[in-house]
Amino acid sequence: MHFRRSASTSPRRPRLPLAALTLCALTAMPAKADEGEPEPEASWYLQAGGYIHYSDDEDYEGPPWFVGIERHRKGKAILGLSMFNNSFGQFTQYAYLGKAFHPFQRAPDIRLKITGGIAHGYKGDHQDTSPLNWGDGWAFAIVPTIGYQKDRLGWDVALLSNSGLLFLVGVEF
């Protein structure tokens, strides 16, 4: 995925809708299960982002935004769908499968995640932005992520190819 921002614009900050979404999700969550209850076999993870750090100074069109939903199955694959505006101001979707890993025994709340799937939305003059694009805005994509999750609230940083970093906040329910 390819995102860009103009050097003349100030860094992107999370917008009020992101904060409102997080607050609503946190207040709607059920209380944490008792220690004696087993963990659920599957859960949902809703995430949103409004800040992207770019690696270049080329023109960026429109404010950055990202929203995604994932279905996590304990010890199994992640199934997800995200929607965002790409660096060219085009509405883009990413449908994917992935897997989360918790490689650090001393820090079990830290996770590494890798997803791979199909992105759609890089069209017209920008359809060749992805080297794995096969025309009319369709492309294969791989997105590695590092994150931290405490109880139901999570924070993630996704590596967007060589273009930048996407900062996300999420809630598990």
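The accessible surface of the protein comes to about 10000 Å², and 62% of that area belongs to carbon and sulfur atoms. These values, like the others in this report, come from a predicted model. Of the 173 residues in the protein, 39% are buried. Among contacts between residues at least 6 apart in sequence, 55% join residues that are at least 24 apart.

The protein has one helix and nine strands, and, read along the sequence, the helix comes before the strands in the pattern α-β-β-β-β-β-β-β-β-β. Strand β1, which covers residues 42–54, has antiparallel partners in β2 and in β9, as set out below.

| Strand paired with β1 | Residues | Bridges to β1 | Residues standing opposite |
|---|---|---|---|
| β2 | 66–73 | eight | Trp44 and Arg71 |
| β9 | 164–172 | eight | Tyr45 and Glu172 |

In β1, therefore, Trp44 stands opposite Arg71 of β2, while Tyr45 stands opposite Glu172 of β9. As background to such strands, the side chains of a regular strand alternate between the two faces of the sheet.

Beyond β2 lies Lys74, found in the loop between β2 and β3, the latter spanning 78–85. Is Lys74 buried, partly exposed or exposed? Lys74 counts as partly exposed because its relative accessibility is 46%, a value that falls between the 20% and 50% cut-offs. Although Lys74 and Glu41 are 33 residues apart in sequence, their C-alpha atoms are 5.3 Å apart in space.

The largest nonpolar core holds 15 residues, of which Ile52, Phe66, Phe84, Tyr94 and Leu166 touch the most other members. At least two residues of this core are supplied by each of β1, β4 (91–101), β7 (138–150), β8 (153–160) and β9. In soluble globular proteins, nonpolar side chains tend to be buried together.

Nonpolar side chains also appear at the surface, where Phe101, Phe104, Leu112, Ile114, Ile142 and Ile146 make a patch of about 530 Å². The elements that give two or more residues to this patch are β5, covering 110–120, and β7. Strand β7 is thus named both among the suppliers of the core and among those of the patch. Leu112, one of the patch residues, is found in strand β5. Its relative accessibility is 33%, so Leu112 counts as partly exposed; this value is also over the 30% that patch residues must exceed.

Key: Residues numbered from 1 in each chain as written. Predicted model: local features only at pLDDT ≥ 70, side-chain atom pairs only at ≥ 80, totals over all residues. Heavy atoms only, no water. Pairing = 2+ DSSP bridges. Helix = DSSP H or I, 4+ residues; strand = E, 2+ residues; numbered from the N terminus. Buried < 20%, exposed > 50% of the residue type's maximum accessible area, 1.4 Å probe, protein only. Core = buried A, V, L, I, M, F, W, Y, C linked by side-chain atoms within 4.5 Å. Patch = residues over 30% accessible without salt bridge, like charges linked within 9 Å, V, L, I, M, F, W, Y side chains within 5 Å. Areas by Shrake-Rupley, 256 points an atom, 1.4 Å probe, with all protein chains shown as cover. Salt bridge = Lys/Arg side-chain N within 4 Å of Asp/Glu carboxyl O. Contact = heavy atoms within 4.5 Å.
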